[in-house]
Amino acid sequence: MTAEETKRVWAALDGFKIEVPSWGFANTGTRFGKFLQPAAASTIAQKFADAAEVNRLTGAAPTVALHVLWDLPGGLADVPAIQALEAKHGVKAGSINPNLFQDQIYKFGSIANPSAEIRAKAVQHCVDSVEIGKALGSKDVSMWVSDGSNYPGTQSMRRRIEWLQDSLNKTHAALGPGQRMLVEYKPFEPTFYHTDIADWGMARELARTAGPQAKVLVDTGHHALGTNIEQIVTWLLHLDALGGFHFNDRKFADDDLTLGSIDPYQVFRIFHEFISSPASSKGDVAFMIDQSHNMKGKLEAMVQTVVTAQELYAKAALVDQEKLAELQDRCELVAAEEAFRGAFWTDVRPVVKEWREARGLSVDPLGDLHAGEYLKTITAERAASNAGGGSSYA
Ligand code: PSV
Ligand code: MN
Ligand code: MN
């Protein structure tokens, strides 16, 4: 690796931050049940402590995404407790995630429900989430709207567009000056016939009509298989409409597996589109993790994902943009492809290690997690409360 390349990778790593989700430290399951882990976090205090350990080991995860219903069940009244945890652990609250899918009233939808009364309740929850964000000084409210329908003809997709727009406009109107509303999309699940915000075009249009502080959130697991996600990312960057990512990996659907476990080349390609776009369009894009698969140890999985993200970002930073552009212009296909994936094939682990050393970080985050006291301590402390055993069928 040349000195210039090393410099580029170090600069990229210095600027690379990725948010961890509070729910990624907790026991989660599938439709079929939960397999409990002895070290999984149950309380928000435990989730903050785990997030702080990930940040200590990697130096790249200074914020933790919060899910309102799970982490602040008391709403605004819970803010002082969160602030105390921020002060104690040195990691900050990140994006605020309203919960629009769990309450019984949301059986037929939340902010796009045919009932004006239920829509109003859902919007109030979103506005409350905005207020929590304001109180915590956190920038993003991430809107994952699970609304949709399961059978053709049972709902008016057209009228639901109007309800969605109205609800998102109201939420946007509540935002403070530094805040943003991120609109996430997903083609399926929990509903299977139609989803109200099914793709990036719908999310972009809803964000555009809601106002200038609304942007699109791309979750890598929320696409049909084969979709060219990096092209969507490029379009959103071009439109100055990209607000952030939920990174994870999947084989089939929204599997929420650890980043790069199935297709690291795709993550590299996404990072490359980000890195190679003009500074003006990518100034404010939030990198977040949305993973919650339940087989790997939660903390190990999170450290593994952050480390993988750093390594893939370093690889993307290695691409010689000038050279690549010249080869593309001359349509030298094989040379261009090799210049591109040559960066992907490069083993960046030594240079990332050097960077970790120079920054006073752990040079082997996963190894240190295993060797250190933290994981042992929380495993012993939490084992009893995690020993209940999940039901076979949820
Ligand atoms: C459900 O699909 C989901 O995974 C969405 O991606 C949200 O971002 C996440 O849950 C948290 O609500
Ligand atoms: Mn997501
Ligand atoms: Mn998802």
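**Helix packing, a ligand shell and an unusual loop**

Modeller: In this predicted model, helix H1 (residues 3-15) packs with helix H14 (residues 349-358), their axes 10 Å apart at an angle of about 60°.

Biologist: How are H1 and H14 oriented to each other?

Modeller: The angle between H1 and H14 is about 60°. Angles under 35 degrees count as roughly parallel and 65 to 115 as roughly perpendicular. The angle of H1 and H14 fits neither range, so the two helices are oblique.

Biologist: Which residues in H14 meet H1, and how many residues of the contact are charged?

Modeller: From H1, the contact takes in Thr6, Val9, Trp10 and Leu13, and these meet Val351, Val352 and Trp355 in H14. By class there are six nonpolar residues and one polar residue, and the number of charged residues is none.

Biologist: How are H8 and H9 oriented to each other?

Modeller: The axes of helix H8 (residues 229-238) and helix H9 (residues 264-276) come within 9 Å and cross at roughly 15°. H8 passes H9 in a right-handed crossing. Angles under 35 degrees count as roughly parallel. H8 and H9 are therefore roughly parallel.

Biologist: How many residues in the contact of H8 with H9 are charged?

Modeller: Ile229, Glu230, Val233, Thr234 and Leu237 in H8 meet Gln266, Arg269, Ile270, Glu273 and Phe274 in H9. Of these, five are nonpolar and two are polar, and the charged residues number three.

Biologist: Into which classes do the residues around ligand 1 divide?

Modeller: The shell of ligand 1 consists of Asn97, Trp144, Glu184, Lys186, Asp219, His246, Asp254, Asp256 and Asp290. Asp and Glu count as charged, as does Lys. The shell divides into one nonpolar, two polar and six charged residues.

Biologist: Where does the cis peptide bond lie, and which residues does it join?

Modeller: Most peptide bonds are trans. This one has an omega of about 10°. Pro190 lies in the loop between strand E8 (180-184) and strand E9 (194-195), and Glu189 has its place in that loop too. The residues joined by the cis bond are Glu189 and Pro190.

Biologist: What is the phi of Glu189?

Modeller: Most residues other than glycine have a negative phi. Glu189 is not a glycine, yet its phi is positive, at about 70°.

Biologist: Which residues does the UniProt domain annotation cover?

Modeller: The unreviewed UniProt entry gives the annotation "domain: Xylose isomerase-like TIM barrel". Over the annotated stretch the chain is 40% helix and 17% strand, with the end C-alpha atoms 28 Å apart. The annotation covers residues 79-256.

Definitions and conventions: Residues numbered from 1 in each chain as written. Chains lettered and ligands numbered in written order. Predicted model: local features only at pLDDT ≥ 70, side-chain atom pairs only at ≥ 80, totals over all residues. Near = placed C-beta within 6 Å. Axes fitted to C-alpha atoms, helices over the stretch in contact; angles between N-to-C directions. Helix = DSSP H or I, 4+ residues; strand = E, 2+ residues; numbered from the N terminus. Parallel < 35°, antiparallel > 145°, perpendicular 65-115°, else oblique. Left-handed = near helix turned anticlockwise from the far one by under 90°. Contact = placed C-beta atoms within 7 Å. UniProt positions renumbered as here; feature names shortened; annotations may be inferred.
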